[in-house]
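Visitor: I'd like a close look at one part of this fold, the inside. Could you walk me through it?

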Amino acid sequence: PGLATLARWIQTGEVSNILVLSGAGVSCSAGIPDFRTPGTGLYSNLAKYNLPYPEAVFDINFYRRNTKPFVTLASELWPGLRHSPTLTHSFVKLLDDKGLLLRNYTQNIDGLEQLAGVDEEKIVECHGHFRTASCANCFSRYDGSKAKEEIVQNKRAPKCRLCKGPVKPDIVFFGEGLPDRFGRLLRQDLEIADLIIVMGTSLTVAPVSLIPTMVHDYCRRALFNRELVGDFNPGNGQQRDIFGEGDIDDTVHELCALLGWEQELHVQNKKTRIKQGG
């Protein structure tokens, strides 16, 4: 089965509770580097910070000792400053508008789902977000907009009022647990999902990477990605898995054309573009 089959499932109402699982690949065309592509990935670009190992930039214990690399990175990547939602984010918004989106589980911390206009309730940011902040030592809350001002404009980590420890945005670092909301909603969503669309992820970071294996047997599955990952098996004759290979925006565009949503997709995307320097 291919994209035409997927379009038919959606058009005929065979699927109506769609889970979307998205990774760094959905944001590459927004200019946000993904994590693992050699030479262009986020970790490759961190060499200038002389980190002991690339992942240290997102390591909670390292941050407690040295805030500079993360602060420098965060000031460049902070959501809403220069990166606009992609066609793929706009596609998720269309699914939401049409009452088809059960939930979007995103591994990304770029906030582009929200900027695309997807209902906040329908988004689970598995690895947290930049809108709120707290102390890395005593975990007391810190005003999100003040944290943004300190990090983006002053290029320094805010200090906790209580313990003077370094404050960070509420994104999940290595060594921290996932948000409570993730486990709570996932349990109920897995019960009713009839289609899961996995986009732009290498499916290597657990527990999020396990979601495609946790859906019911009757739940259809689609993968939009440059390579086949996880346990997707589109050629096994089961008519359950679909693989849209290649550029994700191109695949989304093709699917929307088949669904008759092409114009809506472009109108929606145009509305959410950030004007540079504005």
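Visitor: Before we go in, how many disulfides does the count come to? And then, which residues have the most contacts inside the largest nonpolar core?

Guide: Keep in mind that this is a predicted model, where local features need pLDDT of at least 70 and side-chain atom pairs count only at pLDDT 80 or more, while totals for chains, interfaces and linings use all residues. Residues are numbered from 1 along each chain as its sequence is written, and side-chain values use heavy atoms, with hydrogens and water left out.

The disulfide count is zero, taking a disulfide as a pair of cysteine sulfur atoms within 2.5 Å. Cys138 and Cys160 don't make a bond because the sulfur of Cys138 is 3.7 Å from that of Cys160, its closest cysteine sulfur, which is too far. For Cys28 the closest cysteine sulfur is in Cys126, 17 Å away, so that's too far as well. Cys28 and Cys138 are both partly exposed, at 35% and 33% relative accessibility. (Buried is under 20% relative accessible area, exposed is over 50%, and partly exposed is in between, using a 1.4 Å probe and protein chains only.)

Now the core itself. A nonpolar core here is a set of buried Ala, Val, Leu, Ile, Met, Phe, Trp, Tyr and Cys residues joined through side-chain atoms within 4.5 Å. The largest one has 31 residues, and Leu6, Phe91, Met199, Phe224 and Trp261 have the most contacts inside it. Two or more residues each come from α1 (3–11), β1 (18–22), α4 (87–97), β7 (195–199), β8 (220–225) and α9 (248–259). (Those names are DSSP runs numbered from the N terminus: helices are H or I with at least four residues, strands are E with at least two.) There's also a second, separate core of 26 residues, with Ala30, Ile32, Ala56 and Phe70 among them.

Phe224 is a good spot to zoom in on. Leaving out residues up to four places away in sequence, Phe224 touches Leu3, Leu6, Ile197, Val198, Met199, Gly200, Gly244, Ile248, Thr251, Val252 and Leu255, where contact means heavy atoms within 4.5 Å.

From there, step over to α1, where Leu3, Thr5, Leu6, Ala7, Trp9 and Ile10 are buried. Their cover includes β1, β7, β8, β9 (241–245) and α9. After α1 comes Gly13, with a positive phi near 80 degrees.

Then there's α4, the helix that carries Phe91. It's mostly covered, with 10 of its 11 residues buried. The buried set takes in polar and charged side chains too: Thr88, His89, Ser90, Lys93 and Asp96 are on the list, alongside Leu87, Phe91, Val92, Leu94 and Leu95. These residues pack against β1, β2 (101–106), α5 (112–115), β7, α9 and α10 (262–271). Here, too, a glycine follows the helix: Gly99, whose phi is positive, near 70 degrees.

For a contrast, finish on Ile192 in helix α7. This isoleucine is partly exposed, with a relative accessible area of 43%. Apart from residues up to four places away in sequence, Ile192 touches Asn17 and Leu102. Its C-alpha is 16 Å from that of Asp96, and the two residues are 96 apart along the chain.
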